[in-house]
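Take a moment with the chain below before reading on. The paragraphs that follow start from its interior and work outwards.

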Amino acid sequence: IFEPSNNFKTAESSVSIKGKTKPEVQMTINNEKVLLDENGNFNQTVNLVVGLNNLQISAKKKHSKVSNLELMILRENLNN
């Protein structure tokens, strides 16, 4: 994952998750399939709720176990 970093804070309603993996990997963010380009790059937009968002990122190659990563993103409410 290139961006955002873990414990990222934003006031935006969504965030782009950018990164790279091996092209043959099946990847999901919160159980939604992520499309990879031919080099394994991805850029997935995820909608955020106000407060703490816990994103579950999973990657799996054929005949391999799943690798999981957790990303915490805080969406701040600026209407206070």
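A nonpolar core is a set of buried Ala, Val, Leu, Ile, Met, Phe, Trp, Tyr and Cys residues joined through side-chain atoms within 4.5 Å. Buried here means under 20% relative accessible area. Keep in mind that this is a predicted model.

With that in hand, look inside. The largest nonpolar core has 13 residues. Ile17 and Ile73 have the most contacts inside it. Which elements give two or more residues to this core? They are strand 2, strand 3 (26-29), strand 5, strand 6 and strand 7 (67-75).

Follow Ile73 first. Neighbours within four places in sequence are set aside here. Beyond them, Ile73 is in contact with Pro4, Phe8, Thr10, Val15 and Ile17. Its other contacts of this kind are Leu48, Gly51, Leu52, Asn53 and Leu55. So the two residues with the most contacts inside the core also touch each other, because contact means heavy atoms within 4.5 Å and Ile17 is on the list for Ile73.

Now step back to the whole chain. It has 0 helices and 7 strands. From the N terminus on, the elements run β-β-β-β-β-β-β. The chain has 80 residues, and 28% of them count as buried. Its C-alpha trace spans about 50 × 20 × 20 Å along the principal axes. About 5600 Å² of the chain is exposed, and carbon and sulfur atoms supply 46% of that area. Take the contacts with a separation of 6 or more: residues 24 or more positions apart account for 50% of them.

How are the strands arranged? Strands of a sheet pair through backbone hydrogen bonds, either parallel or antiparallel. One open sheet here has 5 strands, in the order 1-7-6-3-4, with mixed pairing. Which strands stand at its edges? Strand 1 (8-10) and strand 4 (32-34) do. Each has a single partner strand, so one side of each is left without a neighbour in the sheet. Neighbouring strands of this sheet are turned by 30° against each other on average, direction ignored.

Walk across that sheet from strand 1. Strand 1 and strand 7 run parallel, joined by 3 bridges. Lys9 stands opposite Leu74 in strand 7. Next, strand 7 pairs with strand 6 in the antiparallel sense, over 9 bridges. Leu55 has Leu71 in strand 7 as its bridge partner. The hairpin of strand 6 and strand 7 has 6 residues between the strands. In this hairpin, His63 takes a positive phi near 60°. At the other edge, strand 3 and strand 4 run antiparallel and share 3 bridges. There Thr28 has Lys33 in strand 4 as its bridge partner.

Another pair is made by strand 2 and strand 5 (residues 41-47). These two pair in the antiparallel sense over 7 bridges. Ser16 stands opposite Thr45 in strand 5. In a regular strand the side chains alternate between the two faces of the sheet. Strand 2 (residues 14-20) shows this pattern. Which of its residues are buried? Val15, Ile17 and Gly19 point to one face and are buried. Ser14, Ser16, Lys18 and Lys20 point to the other face and are not.

Return to strand 6 (residues 51-60), where Ser58 is placed. Is Ser58 buried or exposed? It counts as buried, because its relative accessibility is 18% and the cut-off is under 20%. The side chains of Ser58 and Asn68 are joined by a polar contact of 2.6 Å. Leaving aside neighbours within four places in sequence, Ser58 touches Gln26, Met27, Thr28, Val66, Ser67 and Asn68.

Finally, look at some backbone details. Pro4 is found in the segment before strand 1. The peptide bond from Glu3 to Pro4 is cis, with omega near -5°. Asn7 lies in the segment before strand 1 too. Asn7 has a positive phi of about 65° although it is not a glycine. With a relative accessible area of 57%, Asn7 is exposed. Asn30 lies in the loop between strand 3 and strand 4. Its phi is also positive, at about 50°, although Asn30 is not a glycine. Asn30 counts as partly exposed, at 35% relative accessibility.

Definitions and conventions:
Residues numbered from 1 in each chain as written. Predicted model: local features only at pLDDT ≥ 70, side-chain atom pairs only at ≥ 80, totals over all residues. Heavy atoms only, no water. Helix = DSSP H or I, 4+ residues; strand = E, 2+ residues; numbered from the N terminus. Buried < 20%, exposed > 50% of the residue type's maximum accessible area, 1.4 Å probe, protein only. Polar contact = N/O pair within 3.5 Å; in protein donor to acceptor, adjacent residues only side chain to side chain. Pairing = 2+ DSSP bridges. Axes fitted to C-alpha atoms, helices over the stretch in contact; angles between N-to-C directions. Areas by Shrake-Rupley, 256 points an atom, 1.4 Å probe, with all protein chains shown as cover.
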